[in-house]
Amino acid sequence: MKPSIPKGTRDFSSSEIAKRRYIFETIQEVFECYGFEPIETPSFENSSTLMGKYGEEGDRLIFKILNSGDYLQKVSDEQLEKRDLNQIASKITEKALRYDLTVPFARYVVQHQNELVFPFKRYQIQPVWRADRPQKGRFREFYQCDADVVGSDSLWQEVEFVSLYDAVFDKLGLDDVVIRINNRKILTGIAELIGAGEKLIDFTVALDKLDKIGREGVLNEMRNKGISEEALAKLEPVFELTGSNLDQLQALESLLIDSETGLKGVEELRFVVENLEELKLESARLELDITLARGLNYYTGAIFEVQTDKMQLGSIGGGGRYDDLTGIFGLKGMSGIGISFGLDRIYMVLEELGLFDEGVVKKPRALFVNFGEKEALYALKAIQALRMRGIRAELYPSSAKMKKQMNYADKREIPFVVLAGEEEMKSGKFAVKNMQTGEQQDCNQDELALLFSA
RNA sequence: GUGGAUGUAGCUCAGUGGUAGAGCUCCUGAUUGUGGUUCAGGCUGUCGCGGGUUCGAAUCCCGUCAUUCACCCCA
């Protein structure tokens with residue numbers, strides 16, 4: 001049998017782990033710097049918590065966990081015969097793998113509402129699972145790094161989150177990211193304006209594809225979804241927006257003059273854009289993009305998406321404002337806003353651009369050659385002394401041929417090899433070889449520590 | 001769910017109807033206290049699987065499975 005892992009999953013090598021940890025730690029540090037505190041939720045939730053929260057497509061992509069024991073117990077023969085898959089699935093799979101971090105977070109907030117201090121700011125870095133068909137930059141198991149605030153409808157949160165995005169990517173050395181921003185209310189306003197209010201979802205999904213399929217493509221898709229020619233004609237000025245973010249908002253304002261919701265959206269965006277101009281971003285660029293829609297239907301205000309031009313890849317982050325996320329779990333009137341970082345994609349970008357520091361991979365500093373029992377003990381004493389000082393060192397486990405031991409050190413990229421045989425033991429010294437330069441020198445115990453900690 | 005591409009040694013791949021190959025890796029030796037370089041030697045195969053055409057199939061045809069890219073959707 002050939003060993004394999006399920007598609008869309010990956011093994012991680014130690015050097016990959018080191019690089020991933022570096023990203024995790026960077027994000028975590030910034031999250032905490034901005035006042036967020038960590039929580040974790042289980043890998044799997046009750047199916048009822050997740051089902052129906054991500055739309056029809058989402059339900060299909062949720063990994064469902066088969067009940068233990070006689071899982072057909074609750075299914076009648078009649079149901080089996082009818083092959084009503086949805087009905088049967090809900091009876092035989094009462095648990096499901098986490099699909100994202102936002103819905104479990106909403107559940108958490110409602111369940112623990114009496115213990116929490118609002119506005120509640122939490123971050124969460126955990127894997128999520130989607131029964132998707134994998135492709136480049138798309139996995140069935142991947143990590144999300146989310147930060148959300150619930151219980152505050154202040155627009156300063158929007159400002160803070162854009163600033164947080166900027167801080168993380170600046171710290172990671174990704175200095176060309178574009179943070180696209182839009183507001184769901186503007187989309188609603190435009191849909192109302194052209195008389196396609198009931199088709200808001202179809203309308204936004206189509207509009208979102210502008211950069212991919214072009215203007216005609218978008219118009220065609222809207223036609224297919226049953227939006228009238230008359231409405232499409234009214235859409236023309238929306239494609240013609242140009243100039244700075246504030247210029248575009250200006251134009252939108254006059255365009256949406258008859259839509260109360262639309263104007264509210266413009267006003268909100270203007271607050272965010274104006275204040276960020278004052279605060280200044282380190283390296284990211286904030287770009288108003290009214291075609292930005294994002295799939296999740298629960299966004300009600302600001303929408304964010306982060307992209308990099310350096311690589312052909314989906315977004316590396318996204319988020320937005322949702323006025324009533326906890327409502328589905330029975331807690332009304334809690335406004336939330338949050339953002340997410342796509343760790344796996346950020347990894348791909350940093351790797352592609354060579355932005356990882358050499359130093360992130362932690363190799364042992366020294367390998368002690370094993371010449372035999374007495375020598376090994378002598379070496380281990382020195383090794384323990386080094387370890388006490390936090391220096392990574394190890395002994396080759398068997399007294400194999402020199403060549404083999406040296407080879408091992410070479411392959412593991414261990415920078416120093418220590419040789420201590422009879423000669424050295426007599427004088428209490430160690431012969432240290434620098435594997436890069438090939439130079440060799442005699443050291444005592446203290447000099448070893450000094451050399452290796454440098 | 002839809003469409004395209006690819007499956008040959010541990011890895012990367014060549015081989016378009018006539019004996020199953022190369023490079024890398026790995027192991028051994030040259031070199032019993034000195035790695036990388038070099039040289040010599042060695043190990044590794046259900047050519048994804050099933051069927052068909054043919055005197056003969058890794059090669060052509062059909063099916064199937066797997067992988068992968070793209071669409072849908074998404075991080």
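Tutor: Quick ground rule: helices (H or I, at least four residues) and strands (E, at least two) are DSSP runs, numbered from the N terminus. The model is predicted: local features need pLDDT of at least 70, side-chain atom pairs count only at pLDDT 80 or more, and totals for chains, interfaces and linings use all residues. Residues are numbered from 1 along each chain as its sequence is written, chains are lettered from A and ligands numbered from 1 in the order in which they are written, and side-chain values use heavy atoms, with hydrogens and water left out.

Student: Okay, where is aspartate 289?

Tutor: Look at strand E8, which covers 285–288, and strand E9, which covers 302–307. Aspartate 289 sits between those two strands, in the loop.

Student: Is aspartate 289 buried or exposed?

Tutor: Buried means under 20% relative accessible area, exposed over 50%, and partly exposed in between (1.4 Å probe, protein chains only). Aspartate 289 has a relative accessible area of 17%, so it counts as buried.

Student: Which side chain makes a polar contact with the side chain of aspartate 289?

Tutor: A polar contact is a pair of N or O atoms within 3.5 Å; within protein, one must be able to donate a hydrogen and the other to accept it, and residues adjacent in sequence count only if both atoms are side-chain atoms. Leaving out residues up to four places away in sequence, aspartate 289 touches Arg180, Ile181 and Asn182 (contact means heavy atoms within 4.5 Å). The polar contact, at 2.6 Å, is with the side chain of arginine 180.

Student: How many residues of helix H8 are buried?

Tutor: H8 runs over residues 184–193 and is mostly covered. Its cover includes strand E7 (178–183), helix H9 (200–207) and E9. Among the buried residues are Ile186, Leu187 and Ile190. Of ten residues in H8, the buried ones number seven.

Student: At the start of H8, which residue's side-chain oxygen reaches the backbone nitrogen of lysine 185?

Tutor: At the other end, H8 is followed by glycine 195, whose phi is positive, near 80°. At the start, the oxygen comes to within 2.8 Å of that nitrogen, and it belongs to asparagine 183.

Student: What does the side chain of arginine 107 make a polar contact with?

Tutor: Arginine 107 lies in helix H6 (residues 102–111), and its relative accessible area of 14% makes it buried. Not counting residues up to four places away in sequence, it touches Thr41, Pro42, Glu45, Thr49 and Phe329. The polar contact, 2.5 Å long, is with the side chain of glutamate 45.

Student: Which helix gives the largest share of the surface near RNA strand B?

Tutor: A residue is near a strand if one of its heavy atoms lies within 4 Å of it. Strand E6 (141–150), helix H16 (402–411) and helix H17 (422–427) each supply at least two residues of this surface. The largest share is six residues, from H16.

Student: What is 2.5 Å from a base nitrogen of RNA strand B?

Tutor: Of the 36 residues around the strand, Arg130, Arg138, Ser315, Met435 and Gln440 come nearest. Sugar and phosphate make up 49% of the strand's atoms that come within 4 Å of the protein. A polar backbone atom of serine 315 is 2.4 Å from a sugar or linking oxygen. The base nitrogen is reached by a backbone N or O atom of methionine 435.

Student: How many helices and strands does chain A have?

Tutor: Buried residues make up 48% of the 454 residues in the chain, and its C-alpha trace spans about 95 × 65 × 45 Å along the principal axes. Its secondary structure comes to 18 helices and 16 strands.
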